Amino acid sequence: YYLTHDFAKNKSTAGTIFLDENHPMTEKTQNLLLHGHNMKDGQMFGELIKYKDLSYYQEHPVIQFDTVYAEGDWKVLAVFRANTLPEHGEVFSYQSFSNAANEGDFNLYIQSVLRRSLFNLPVDVQYGDKLLTLSTCTYEFSEARFVVVARKVREGESTEVDTASAVVNSNPLMPDVW
């Protein structure tokens, strides 16, 4: 609905940013997934695509995402391209991860995310961390998605990130169509 409607429920080509219905904003949810259009004028998630460039990440390693319940800073840990169509290769269903059944499932998901990341980023992640996943359309191929995954800054942790140690991943796992 919110792909074609604004927050006030009016028709809108830009739509609005919205929380995936399978990722409720509860204390138990490990991963909040937000969707939004990649608008050429920068609206919605139009700016998210800039994370394709390492230099942009180095200038913006932390995302501020506040809710009515809490304010929060989130350290970007991965950025990747994903396909949604099986004819473009195996589909990585990042959209289906909201809660891990156990530490092993969480670690497997994180490994899958990091294997796909365009960059090796200096942010650790551990079982119990809260994740924020931002997903938008991209146009390198049909139904492509660009995804940014971040983890919430832990209580008492600095928001500082050693961005100088971020490097291009020489061999990210990409969709077959790439």
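1. How many strands form the open sheet, and in what order? In this predicted model, 6 strands (DSSP runs of E, at least two residues, numbered from the N terminus) form an open sheet in the order E1-E2-E6-E7-E4-E3, with mixed pairing. Two strands pair if DSSP finds at least two bridges between them; strands E1 (18-19) and E3 (62-64) are the edge strands, each pairing on one side only.

2. E3 and E4 pair in the antiparallel sense over 3 bridges, and the bridge partner of Ile63 in E4 is Trp74.

3. The largest nonpolar core (buried Ala, Val, Leu, Ile, Met, Phe, Trp, Tyr and Cys residues joined through side-chain atoms within 4.5 Å) has 42 residues, and those with the most contacts inside it include Ile63 and Val76. Buried here means under 20% relative accessible area, exposed over 50% and partly exposed in between, with a 1.4 Å probe and protein chains only. The largest share of this core, 7 residues, comes from E4.

4. Helix H2 (helices being DSSP runs of H or I, at least four residues) has Phe106, Tyr109, Ile110, Ser112, Val113 and Arg116 as its buried residues. Seen down the axis of H2, these fall within an arc of 155° (taken from the directions from the helix axis to the C-beta atoms), so they line one face of the helix.

5. On numbering and confidence, residues are counted from 1 along each chain as its sequence is written, and side-chain values use heavy atoms, leaving out hydrogens and water. Local features need pLDDT of at least 70 and side-chain atom pairs count only at pLDDT 80 or more, whereas totals for chains, interfaces and linings use all residues.
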